[in-house]
Amino acid sequence: MIRTLQDRGVQQGIDVYMECTVTRLLTDGGRVAGAFAYWRENGRFTVFKAKVNRHCHCGIGKAWRVTSNSWEYTGDGMALAYEAGAELMDMEFVQFHPTGMVWPPGVQGILVTEAVRGEAASCVIRQASASWKSTIPSDELSTRDVVARPSTTEVKEGRGTEHGGAYLDISHNPLSM
């Protein structure tokens, strides 16, 4: 998606600066007037002046220990905006993919396709509470938040797998054998 947006921007005549990291938004009179950055390749600093600012960033998924997010999704864009005086809203709305690998460490964060849940795979917790069992319907593909939220609660309360997750059971499907 990022490459598609970059390509489209270049086609529209927008300058795209690859491998350049912004460390501070520069303000003048309460509005953003530019950015201070450095080039990753050589560490040289640069200043971008801006008449108009469109603030886009990649997200905050790397704030969690296990995630499928890319290494650069560290919330820097949100921090830059906040430091420049922006009001951040609805910060609790972070989308989680509920079926990522947690073990072994070499595959942590790799996604298990939604198609597995679409084939009626069910989540299994070692000692699941009654509320968890009633929260996650096993006969339909529930939305990510409906699966992730109660599963996370169960794991935090010590009822997850030995590696801090839940099992995804697709054994009823003859193609899984």
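**Salt bridges, sheet and rings**

The side chains of Arg159 and Glu154 meet in a salt bridge, with N and O 2.7 Å apart. The term stands here for a side-chain nitrogen of Lys or Arg within 4 Å of a carboxyl oxygen of Asp or Glu. This is a predicted model, so local features need pLDDT of at least 70 and side-chain atom pairs count only at pLDDT 80 or more, while totals for chains, interfaces and linings use all residues. Residues are numbered from 1 along each chain as its sequence is written, and side-chain values use heavy atoms, leaving out hydrogens and water.

Back to Arg159: it also forms a salt bridge with Glu157, where the closest N and O atoms are 2.3 Å apart. Through these shared partners, Glu154, Glu157 and Arg159 join into one network. How much cover do these side chains have? Arg159 is buried, at 19% relative accessible area, and Glu154 is buried too, at 2%. Buried means under 20% relative accessible area, exposed means over 50%, and partly exposed is what lies in between (1.4 Å probe, protein chains only).

The count of salt bridges comes to 3. One of them joins Glu19 to Arg40, with the closest N and O atoms 3.1 Å apart. Glu19 sits in the loop between α1 (2–11) and β1 (20–28) and Arg40 in the loop between β2 (31–39) and β3 (45–49), so the pair ties together parts that are 21 residues apart in sequence. Helices (H or I, at least four residues) and strands (E, at least two) are DSSP runs, numbered from the N terminus. Both ends of this bridge are partly exposed: Glu19 has a relative accessibility of 46%, and Arg40 one of 36%.

Now for the sheet. It is open and made of 3 strands in the order β1-β2-β3, with antiparallel pairing; two strands count as paired if DSSP finds at least two bridges between them. β1 and β3 stand at the edges with a single partner strand each, so one side of each has no neighbour in the sheet. From one strand to the next, the twist averages 25 degrees (axes are lines fitted to C-alpha atoms, for helices over the stretch in contact, and angles run from 0 to 180 degrees between N-to-C directions). Between β2 and β3, the antiparallel pairing runs over 5 bridges. Phe36 stands opposite Val47 in β3.

Strand β3 also takes part in the ring contacts, as it holds Phe48. The number of aromatic pairs is 3, where rings of Phe, Tyr and Trp (its six-membered ring) pair if their centres lie within 6.5 Å; planes under 30 degrees apart are stacked, over 60 edge-to-face, and the rest tilted. The rings of Tyr17 and Phe48 have centres 4.7 Å apart and planes at 55 degrees, so this pair is tilted. Tyr17 lies in the loop between α1 and β1, 31 residues away from Phe48 along the chain. Tyr17 is partly exposed, at 43% relative accessibility. Together, Tyr17, Trp39 and Phe48 form one aromatic cluster.

The loop between α1 and β1 also holds Ile14. Ile14 joins Val10, Val16 and Met18 in a nonpolar surface patch of about 340 Å². Patches are made of residues with over 30% relative accessible area and no salt bridge, joining like charges within 9 Å and nonpolar side chains (Val, Leu, Ile, Met, Phe, Trp, Tyr) within 5 Å. Accessible areas come from the Shrake-Rupley method with a 1.4 Å probe, and for residues only the protein chains shown count as cover.
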